[in-house]
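Here are a few exercises to work through with the model on your screen. Try each task yourself before you read the solution.

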Amino acid sequence: MKPNYYLASRVSWWMEQARFLLFKRSLTASDLGFLERNFPFYCKLNPRHKKEFLVKLEMILSSKKFVPRGGLEEVSSEMEVLISATIAMVTFGWKRLRLAHFHTILVYPNAYFSTSNKTYHRGEVNPRFGLIVVSWRCFVEGFLDTKDGVNLGIHEIAHALKLANQIESDGEKEFEPHAWAKYKSLVPFELEKVRTGENSLFREAATLNEHEFFAVALENFFERPWQFFHERPELYQAIVQLLKQDPRVWEKPEGH
Ligand SMILES: [Zn+2]
């Protein structure tokens with residue numbers, strides 16, 4: 001099934017591409033210091049992978065438009081770096097993937113009132129308009145505890161990645177069909193494990209539907225890969241195949 005936002009997607013992809021070519025953003029020494037202090041994933045990489053990460057990060061920073069909303073005065077360069085670094089982390093398995101369809105990031109200071117369903121939101125993705133929306137406060141809270149498996153940034157980027165996989169007009173290739181098929185075949189069974197409490201790592205939001213399940217799975221995949229691997233090895237391995245990376249490589253098993 002082809003999503004009905006095909007044309008809008010094509011136009012926004014060109015806008016994103018143009019921005020990328022016109023406004024190359026280079027990381028400064030202070031950006032690098034900021035990353036070292038605040039982004040654990042980056043700190044753990046070896047020098048070669050750090051270099052690859054920075055190339056990817058610059059590509060993402062250069063191609064996204066950041067827009068303050070809800071009374072936020074500006075999106076600071078730290079905010080831009082942290083949000084872009086989260087995209088770079090989740091898509092680190094692909095050299096060039098940058099989620100081109102999602103060209104604009106809206107940043108609210110706090111949880112915001114969404115007119116679409118009249119409730120307060122912490123974040124959302126809007127494929128029709130190519131938007132990723134985050135509340136900065138909730139985004140930062142996700143990074144305060146890096147081991148609790150709750151991270152709004154990873155959560156929303158996961159939603160964007162899963163949607164991007166359905167969008168063919170963005171010029172990007174996401175999941176390998178066999179890896180996606182393997183992952184999908186496990187979902188009903190694994191979702192049930194969360195419902196029955198046999199998988200106690202995933203928070204309850206994972207049981208809402210397959211989209212939330214995927215987003216919560218990725219929060220755990222990056223924040224506590226070893227625990228995830230020990231509890232649900234088959235699901236963990238399926239996500240390694242899907243994302244083409246294994247975060248266990250960068251860190252020692254918990255308790256060691
Ligand atoms: Zn969600």
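The exercises below go from domains to a core, a hairpin and a helix.

Two notes before you start. Residue numbers begin at 1 in each chain, following the sequence as written. The model is predicted, so local features need pLDDT of at least 70 and side-chain atom pairs count only at pLDDT 80 or more, while totals for chains, interfaces and linings use all residues.

**Exercise 1. Find the domains and describe the side of domain 1 that touches domain 2.**

Step 1: Split the chain into domain 1 (8-164) and domain 2 (177-243); such bounds come from an automatic or database domain assignment. Their C-alpha centres lie 22 Å apart.

Step 2: Look at the contact, to which domain 1 brings 15 residues and domain 2 brings twelve. Two residues are in contact if their C-beta atoms, placed from the backbone, lie within 7 Å.

Step 3: On the domain 1 side, α5 (77-90) and α7 (152-164) supply at least two residues each, and α7 gives the most, with five. Helices here are DSSP runs of H or I with at least four residues, strands are runs of E with at least two, and both are numbered from the N terminus.

**Exercise 2. Work out where the largest nonpolar core lies.**

Step 1: Know the term: a nonpolar core is a set of buried Ala, Val, Leu, Ile, Met, Phe, Trp, Tyr and Cys residues joined through C-beta atoms within 7 Å. A residue is buried with 20 or more other C-beta atoms within 10 Å of its own, exposed with 12 or fewer, and partly exposed in between; the C-beta atoms are placed from the backbone.

Step 2: Of the 60 residues in the largest core, Val134, Ala217, Leu218 and Ile239 touch the most other members. Helix α9 gives the most to this core, with eight residues.

Step 3: Both domain 1 and domain 2 give residues to this core, so it lies between them.

**Exercise 3. Trace the hairpin of β5 and β6, then follow valine 134 to valine 107.**

Step 1: Strands β5 (residues 123-126) and β6 (residues 131-135) run antiparallel and are joined by four bridges; strands pair if DSSP finds at least two bridges between them.

Step 2: Four residues sit between the strands, and glycine 130 in this hairpin has a positive phi near 65 degrees.

Step 3: Check the faces of β5: Gly123 and Val125 are on the covered one, Glu124 and Asn126 on the uncovered one. Glycine 123 has valine 134 as its bridge partner in β6.

Step 4: Beyond its neighbours within four places in sequence, valine 134 contacts several residues, including Ile83, Val107 and Phe139. Valine 107 sits in strand β2 (residues 104-108) and is buried, with 23 other C-beta atoms within 10 Å.

**Exercise 4. Decide which face of α11 is buried, and what it packs against.**

Step 1: List the buried residues of α11 (residues 233-243): Leu235, Tyr236, Ala238, Ile239, Leu242 and Leu243. Looking down the axis, they fall within an arc of 160 degrees, so they line one face of the helix; the arc uses the directions from the helix axis to the C-beta atoms.

Step 2: Turn to the face away from the buried side, and you'll find the exposed residues Pro233 and Glu234.

Step 3: The buried residues pack against α8 (177-195), α9 (210-223) and α10 (225-231).

Step 4: Finish with lysine 244, which follows α11 and has a positive phi near 55 degrees. Lysine 244 has 15 C-beta neighbours inside 10 Å, so it counts as partly exposed.
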